Amino acid sequence: MKIVVMGAGAIGSLFGGLLALRGEDVLLVGRRSHVDAINSRGLKISGMTDAIVHVRASTHPEEGDLILFTVKSYDTEKAASSLIINDDTIVLSLQNGLGNEEKIAEVVGREHVIGGVTSYGALFLEPGHVSHTGIGETVIGELDGSITERVSRLSDLLNKAGIMTSVTDSIKRKIWEKLVVNVGINAITAITGVKNGKLLEIPQLRELMRYASLEAVEVGRKQGIDLGYDLIDRVEEVARRTAENRSSMLQDISRGKKTEIDAINGMIVRLGEEVGVDTPVNRILTLLVRGIEKSEAFRR
Ligand SMILES: NC(=O)C1=CN([C@@H]2O[C@H](COP(=O)(O)OP(=O)(O)OC[C@H]3O[C@@H](n4cnc5c(N)ncnc54)[C@H](OP(=O)(O)O)[C@@H]3O)[C@@H](O)[C@H]2O)C=CC1
Ligand SMILES: CC(C)(CO)C(=O)C(=O)O
């Protein structure tokens, strides 16, 4: 199986690197400086995995049997348009936020797309070097909920590479559950500059986190997704488990990079409008993050 990683940044390089370490045929597709570093010195993975992986890298995709799709949500359409697929190609999105699978499906065809969420953690340190920062479950599933041979085969492939993976018949709910966690944690940490754990220690931020998550659960339920209100407590549990993390949105803001706000809190606002649920907390969080993205003063 030829594997192409579309968007070899932090998580894509880690997954591609782990698969290549297991002897899989992998091509990492990323930006020029990262590609050049990998082609000259190999991919360095540090942290929870320690390895130099000799894996091919390019700035342009080639045809693949499996495409691991790991660009940020705002790059989805452009990256999907550059894919080269055959009749049997599977495109597995591991992105955060809502709507990525649909955008990819619009470009390559729905039958090619499998959804995924991962609690693995990775950090892009410098060109040619990523850090493996967290281990968690990866869940994949067909968009229509069927349990197919190809999704089971894909799960086996990832498990063989040491990436703990299971198959679900409700990937949409899994994506929503991860979304609710990101809605609760990411924007508030990005605006206030605190690590995830502080959201539990500072009563005002904890209250805000619960309101933002609650709005997301209400919108999801109105959209017909079977989300329980206990999810709000799970958001707190994730903040506790990742207490020392600087959320991905906080990291993006600190580096002066665009954030995934539109696919996270912004998506709750948009969908809330569609189904008639008011989302004032997410609206303000979205406006603040968009404003900070435009403001030099907040770069740390
Ligand atoms: N990092 C993590 O621990 C986790 C991340 N995720 C999700 O996975 C997705 C990716 O996250 P992450 O790896 O952190 O992000 P990164 O920004 O580190 O990785 C994406 C990479 O793709 C590159 N890229 C974008 N478009 C193209 C293109 N057309 N051709 C070549 N390269 C391209 C980007 O370059 P450039 O930056 O120059 O645009 C960047 O290097 C996000 O949705 C994130 O929320 C999910 C779970 C964990
Ligand atoms: C789970 C959490 C909030 C961990 O930091 C995350 O997914 C992120 O930062 O994007």
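**Note on two open sheets and two ligand shells**

1. Four strands of this structure make up an open sheet with mixed pairing, and their order is β4-β3-β10-β9. At its edges stand β4 (51–53) and β9, each of which pairs on one side only. Leaving direction aside, neighbouring strands of this sheet are turned against each other by 25° on average. The coordinates belong to a predicted model, and the remarks below should be read with that in mind.

2. Within the four-strand sheet, the pairing of β3 with β10 can be followed at the level of residues. Strand β3 (residues 43–47) and strand β10 (residues 129–134) run parallel and are joined by four bridges. One residue pair can be named here, since G47 has H132 as its bridge partner in β10.

3. A further open sheet has eight strands, again with mixed pairing, in the order β5-β2-β1-β6-β7-β8-β11-β12. Its edge strands are β5 (56–58) and β12 (165–167), and each of these pairs on one side only. From one strand to the next, the twist in this sheet averages 25°. At the β5 end of the order, strand β2 (residues 25–29) pairs with β5 in the parallel sense over three bridges, and the bridge partner of L27 in β5 is R56.

4. Which residues come nearest to ligand 1? Of the 21 residues around this ligand, they are A10, I11, R31, A122 and E260. By class, the shell holds seven nonpolar, eight polar and six charged residues. Two elements that each supply at least two residues of this shell are α1 (10–21) and β9 (121–126), and β9 is also an edge strand of the four-strand sheet described in the opening point.

5. Three of the distances between the protein and oxygen atoms of ligand 1 deserve a check by anyone preparing this site. A backbone N or O atom of A122 lies 2.8 Å from an oxygen atom of ligand 1, and a backbone N or O atom of I11 lies 2.9 Å from an oxygen atom of the ligand. With R31 the side chain is involved, one of its N or O atoms being 3.0 Å from an oxygen atom of ligand 1. Taken alone, ligand 1 exposes 880 Å², and the protein buries 83% of that area.

6. Why can ligand 1 be said to lie between two domains? Both domain 1 (2–169) and domain 2 (172–295) give residues to the shell around ligand 1, and therefore the ligand lies between them.

7. Ligand 2 is surrounded by N182, I185, N186, N196, V238, N245, S247 and S248. These shell residues divide into two nonpolar and six polar, with no charged residue among them. Helix α6 (residues 171–192) gives the most to the shell, contributing three residues.

8. The polar contacts listed here for ligand 2 involve side chains. A polar side-chain atom of S248 lies 2.6 Å from an oxygen atom of ligand 2, while an N or O atom in the side chain of N182 is 3.0 Å from an oxygen atom of the ligand. For N196, too, a side-chain N or O atom is 3.0 Å from an oxygen atom of ligand 2. On its own, ligand 2 has 280 Å² of accessible area, of which the protein covers 85%.

Terms used. Residues numbered from 1 in each chain as written. Chains lettered and ligands numbered in written order. Predicted model: local features only at pLDDT ≥ 70, side-chain atom pairs only at ≥ 80, totals over all residues. Heavy atoms only, no water. Near = heavy atom within 4 Å. Polar contact = N/O pair within 3.5 Å; in protein donor to acceptor, adjacent residues only side chain to side chain. Areas by Shrake-Rupley, 256 points an atom, 1.4 Å probe, with all protein chains shown as cover. Nonpolar A, V, L, I, M, F, W, Y, C, P; charged D, E, K, R; others polar. Domains from an automatic or database assignment. Pairing = 2+ DSSP bridges. Axes fitted to C-alpha atoms, helices over the stretch in contact; angles between N-to-C directions.
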